[in-house]
Amino acid sequence: MLKPKKKQQQNKMEQLIQNKRQEHLELLNQLEKLEIQQPTKDIQLIQTIAQQQKKEQDIEIIAAPQLVSPKWLMNLKPTMTYECDVVVQEESELDQIVKHQLKEKIQKQKEMQQQAYLELINELDLQSKHHAYDEKVKEDFKCTYQYMSQGRLVSIDIKYYDFLKLNPQNYVNDTIINFFLRFIENDIFKNKSLLIYNTYFCTRLLSFHAEYKQIYTQYLQNNQMLQRWTKENIFMKQYVLFPLHLREHWAVIFVVNPLQVCEQLCNNNYQLSNDVNKNGYLIYFDSLLVQDQRIGIQIKFYLMHVYNQEHKRYSDDQIYEIVMRSTFPVHQPIVPRQTNLVDCGLYMLEYVERFLMNPYQILNNLEQDHLKWFPKVMIFIKRILIKKILNALSSGQKDYALRYQENCRMIDQQFTDSNQYDYIDEQLLEQLQVPRLQFHLSEDYNYYYDVSPSVGV
């Protein structure tokens, strides 16, 4: 009797085990189905969102067809936007060691390069019996720079707090930016066909709303105040410069021949003449290559309203329609870019100065890159040179301050051999063996510029 009973229990256990296995198999099948369905749902959701975004983008393009950058530049966007999504491969320990050694080597090279320039700057000082580069200023430092504007004397006061902004790893502020722009406008270039707006004006000019209608509404609210700042006839000027403060970032837009720009906007006929002097241009320089169509559009709003004050042709709504439907582009050349978070103001000043020294270098080559426009070490040097101008002006030695451009030319002469233009960059580029454009525009390859300047000034 026991054996059949035991066998019966064994059969029951086997049946239970079989049932459990069957349940597990069914659960696994259901799980697999869920895992297959979930990605499918995710993909469908992503596709739906992408389609919606594309529709919105198509609407946006219809509303504002012009690009801040040439089309070929937009195609390179993944390699140059500082917030781009880049797939980072895991590095081996050997790669990390090599990179560390490379950084140390670059650090030493950079120190040598900076020291060589500081010695050159000291030589310039010795020749003029002026201050050494590392002269410290006292807390009561004050420099008052005066210039004539529309028949009246205007002053800019630069104090100790502003002066300290010229130390490495510091943002330069509005006071330093406005001072240097006025200095080169009135004492260096003395170009009567040049108009440089104040940074405070440009702050009032710009709005960062998401929709263009909101931007235009905000602009119209500020328009009366903005027009009071426009006392000169900008259409008698060849170059109008807008220094832009974009939420803790400096950039600049040059308007070349503003009258031609407005006439081309009104007629919506963007055709370039072979003579660059007869063309209108909007050129946007940005050391982070930020690409934002709203910036150029707001400059166009302003230009068209100033133009309409004289011609009285259009209503506010018509001006909005003209700007939004125009295909007149804002050119954004590829220029030396920053790879830290503090030098944007110095880069902006260097762009301004270099453009005014030779505007045709840019105008004749808008579709080419200008990565060798100036060596990046000039940004480090520029902090020192602006300090020296302020020191000279504060001690009544304006003659020395006016030698600024001559000193810049002497420094530039160090870069006569294009192969050694910025030799640290060149050596690193050769070792990394990556495309030059990618090297210059990607943070991944700019180890040299992650190193803080080692020489205090």
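Which residues in helix α9 are buried? The legends below address this and other close-up views of a predicted model.

**View 1. Helix α9 and its surroundings.** Helix α9 spans residues 258–267. Its buried residues are P258, V261, C262, Q264, L265 and C266. The cover over these buried residues includes two strands that lie before the helix in sequence, β4 (239–245) and β5 (250–256). It also includes strand β6 (281–286) and the helices α10 (293–311) and α11 (316–325). Just after α9, residue N268 adopts a positive phi of about 50 degrees.

**View 2. The largest nonpolar core.** In soluble globular proteins, nonpolar side chains tend to be buried together. The largest nonpolar core of this model contains 68 residues, and those touching the most other members are F179, F285, F355 and L390. The greatest contribution to this core comes from helix α14 (residues 377–394), which supplies twelve residues. Apart from this core lies another, of 42 residues, and L195, F201, C266 and M324 are among them.

**View 3. The contacts of F285.** Leaving aside residues up to four places away in sequence, F285 touches A251, V252 and F254. Its contacts also include P333, V335, Y351, F355, I362 and W373.

**View 4. Helix α12.** This helix comprises 14 residues, numbered 344–357. From its first C-alpha to its last it reaches 20 Å, which is close to the 20 Å expected at 1.5 Å a residue. Because 13 of its 14 residues are buried, α12 is largely enclosed by the rest of the structure.

**View 5. The environment of D187.** Residue D187 is located in helix α6 (residues 174–189). Buried means under 20% relative accessible area. D187 has a relative accessibility of 15% and therefore counts as buried. Its side chain is joined to that of Y145 by a polar contact of 2.4 Å. When residues up to four places away in sequence are not counted, D187 touches R182, K398 and L402 as well as Y145.

**View 6. The hairpin of β1 and β2.** Strands β1 (residues 142–149) and β2 (residues 152–159) run antiparallel and are joined by eight bridges. Within this pairing, C143 of the hairpin stands opposite I158 in β2. Two residues lie between the strands, and Q150 takes a positive phi near 55 degrees.

Key. Residues numbered from 1 in each chain as written. Predicted model: local features only at pLDDT ≥ 70, side-chain atom pairs only at ≥ 80, totals over all residues. Heavy atoms only, no water. Buried < 20%, exposed > 50% of the residue type's maximum accessible area, 1.4 Å probe, protein only. Helix = DSSP H or I, 4+ residues; strand = E, 2+ residues; numbered from the N terminus. Contact = heavy atoms within 4.5 Å. Core = buried A, V, L, I, M, F, W, Y, C linked by side-chain atoms within 4.5 Å. Expected span 1.5 Å × (residues − 1). Polar contact = N/O pair within 3.5 Å; in protein donor to acceptor, adjacent residues only side chain to side chain. Pairing = 2+ DSSP bridges.
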